[in-house]
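Subject: Structure handover and notes

Hello,

Please find the structure below, as a sequence with its 3D coordinates. My notes come after it.

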Amino acid sequence: MLDVKFLAQIHFQMTLVFGIILSASFLGVQKQRAALFKLGIFTVLSIGFQQLFYNHFLAGANPENFLRFYPFYIHLPLVVFLTFAFRVPCFSAATAVALAYTCCQITKWLGFVGVFFIADQWFYYSVRIALVPPILLLITHYVSPCVAVLLNRPLKEVAIFSILPITYYFFDYSTTVYTNLLYSGNGLVVEFLGFILSIACLIFSSLVAEEYLAKNELSQKNRLIELRMHSAVHELEQVHNAQYRMSIMRHDMRHVLSTATTLIQQQKYEEAVKYLSDGQRDLDGVQLQRYCANEYINAVLTKYGDQCKLNYIEYKAEAETAKLLPCPELCFSIMLDNALENAYEATSQLPLAQRYIRLSLKQKDNKLLLSLKNTYLATPKFVNDIPVSAKANHGIGTQSIIYNCNKLGGQCKFSLENNMFVLQIIV
């Protein structure tokens with residue numbers, strides 16, 4: 001049988017190394033060669049100090065003091081070392097140490113599980129010693145990079161993340177090391193961690209939701225920038241084509257005027273008027289296409305006008321809006337873009353002769369009235385008056401329309417009329 005005291009010493013030393021490496025990896029400071037050298041020196045010194053204290057308290061017949069003073073001769077120096085050696089915020093360093101301490105409970109719990117099979121202290125320490133390397137490898141490889149990102153965030157976010165590990169650290173020491181409250185069966189003590197966990201979950205959920213909304217807003221802005229760039233490129237192409245056609249018409253204009261003059265001299269007035277009218281129509285055709293005065297709306301309508309033209313979809317869009325919309329332009333243009341994208345995808349599945357999209361957008365009394373109609377192949381299914389799709393990655397556009405419409409305090413309605421899918425929006 002193995003010596004229990006010897007195993008206990010090895011277990012304490014390996015747990016120390018486990019905690020130091022995890023604390024450093026949670027801060028992401030172990031990637032440089034100089035950092036590894038500093039960590040190595042500190043680890044060797046910590047092992048020496050721990051062994052000295054272990055021998056001192058064991059010789060003095062006060063082994064419980066070894067754990068009671070552990071935070072002062074191991075954890076506190078580790079926090080100070082990480083803060084000054086790697087220039088990380090003190091609070092982030094303390095959170096990393098507390099989280100590493102929490103991870104030590106994994107081997108501790110598994111050690112207790114082992115006791116159920118072999119009820120000897122030597123087996124408890126053997127299980128913990130054997131599990132330290134694989135658990136350390138798994139955490140540093142899969143978990144530490146994510147934690148390092150969180151601990152390098154602003155103090156407010158780090159504070160929210162630190163609620164659980166720091167609370168558990170003080171709870172464990174106060175109820176198991178300095179007192180025996182956890183084993184007393186007191187309901188208030190037993191339920192305390194659950195109470196803290198529920199609060200942490202609520203706060204963390206709020207933070208995640210806030211980050212998601214910010215990311216979604218940024219994604220929408222980037223998409224809108226792309227739309228405006230597309231519109232600008234399209235207008236440049238239109239200008240180039242118009243200039244080319246105008247140069248040809250200027251060249252041909254003298255022939256038109258000469259022919260018209262000849263017809264007038266021959267008193268063929270009707271032929272001359274018709275000839276000049278045809279020339280006028282050609283001139284009227286040389287113009288840039290703009291749907292409305294608002295740049296954002298025009299960008300969206302231009303984008304889908306080009307796509308429909310390339311895919312032989314009959315696209316009719318009428319927009320009467322001011323240069324400035326009565327609502328946030330970002331939300332409304334994204335909503336319009338999603339609506340037209342859904343219409344375009346539904347219409348593209350039809351035979352060429354049945355592809356049709358009709359859009360009407362009007363601004364009246366500080367309100368925007370949108371009506372969008374399109375043909376479709378498969379009859380949409382509705383749940384609570386909202387069209388749903390069973391296909392993967394479909395239906396997101398519809399949810400975005402509803403979300404942005406509610407955000408603007410408006411109303412939207414989806415319906416089917418005369419074999420047409422109809423979307424009506426008022427904001």
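What follows goes from the overall fold to one pocket, then to the salt bridges and a group of strands.

Overall

Please keep in mind that this is a predicted model. The protein chain holds 13 helices and 7 strands. It has 427 residues, and 39% of them count as buried. Contacts in the chain between residues at least 6 apart in sequence were also sorted by separation: 72% of them join residues at least 24 apart.

The second largest pocket

The second largest pocket contains about 910 Å³ of space. Its lining is made up of 36 residues, and those that lie nearest the centre are H11, F12, F66, L67 and R128. Which elements give two or more residues to this lining? They are α1 (4–27), α2 (33–59), α3 (64–68), α4 (70–86), α5 (90–115), α6 (121–151) and α7 (155–177). By residue class, the lining divides into 23 nonpolar, 8 polar and 5 charged residues.

Salt bridges

As general background, side chains of opposite charge can pair when their charged atoms come close. How many salt bridges does a search of the whole structure find? The search gives 3, and they are taken one by one here.

- D337 with K303: the closest N and O atoms are 3.4 Å apart. D337 belongs to helix α12 (residues 329–348) and K303 to helix α11 (residues 295–310), so this pair ties together parts that are 34 residues apart in sequence. Are these two residues buried or exposed? D337 has 0% relative accessibility and counts as buried. K303 is at 17% and also counts as buried, because the cut-off for that class is under 20% relative accessible area.

- E318 with R358: here the closest N and O atoms are 3.3 Å apart. E318 sits in strand β1 (residues 314–320) and R358 in strand β2 (residues 356–364), so the parts tied together by this pair are 40 residues apart in sequence. E318 counts as partly exposed at 44% relative accessibility. R358 counts as partly exposed too, at 23%.

- E314 with K316: the closest N and O atoms are 3.5 Å apart. E314 is partly exposed, its relative accessible area being 38%. K316 is likewise partly exposed, at 41% relative accessibility.

Strand β7 and its partners

Strand β7 (residues 420–426) is mostly covered, with 5 of its 7 residues buried. Which strands pair with β7 in the antiparallel sense? One is strand β3 (residues 367–374), which pairs with β7 over 6 bridges. In that pairing, L370 has I425 of β7 as its bridge partner. Another is strand β6 (residues 411–417), which runs antiparallel to β7 and is joined to it by 7 bridges. Between β6 and β7, L416 stands opposite F421, and E417 stands opposite M420. For reading side-chain directions here, the general rule is that in a regular strand the side chains alternate between the two faces of the sheet.

Positive phi values

Strands β6 and β7 form a hairpin with 2 residues between the strands, and N418 in this hairpin takes a positive phi near 55 degrees. N419 has a phi near 60 degrees, which is positive in a residue other than glycine. N419 lies in the loop between β6 and β7, and with a relative accessible area of 64% it is exposed.

Where else is there a positive phi in a residue other than glycine? D365 has one, near 50 degrees. D365 is placed in the loop between β2 and β3. At 75% relative accessibility, D365 counts as exposed, because that class begins over 50% relative accessible area.

In short

Two points to take into the viewer are the pocket, with about 910 Å³ of space, and strand β7, where 5 of 7 residues are buried. For the salt bridges, the pair D337 and K303 joins helices α12 and α11, while the pair E318 and R358 joins strands β1 and β2.

Regards

Notes:
Residues are numbered from 1 along each chain as its sequence is written. This is a predicted model: local features need pLDDT of at least 70, side-chain atom pairs count only at pLDDT 80 or more; totals for chains, interfaces and linings use all residues. Side-chain values use heavy atoms; hydrogens and water are left out. On a 1 Å grid over the protein atoms alone, a cavity is a set of points where a 1.4 Å probe fits but cannot get out, and a pocket is an open set with protein on both sides within 12 Å along at least five of seven lines; lining residues have an atom within 4 Å of a point. Grid points are joined across faces, edges and corners, and a volume is the space filled by probe spheres set on the points. Helices (H or I, at least four residues) and strands (E, at least two) are DSSP runs, numbered from the N terminus. Ala, Val, Leu, Ile, Met, Phe, Trp, Tyr, Cys and Pro count as nonpolar, Asp, Glu, Lys and Arg as charged, and the others, Gly among them, as polar. A salt bridge is a side-chain nitrogen of Lys or Arg within 4 Å of a carboxyl oxygen of Asp or Glu. Buried means under 20% relative accessible area, exposed over 50%, partly exposed in between (1.4 Å probe, protein chains only). Two strands pair if DSSP finds at least two bridges between them. Contact means heavy atoms within 4.5 Å.
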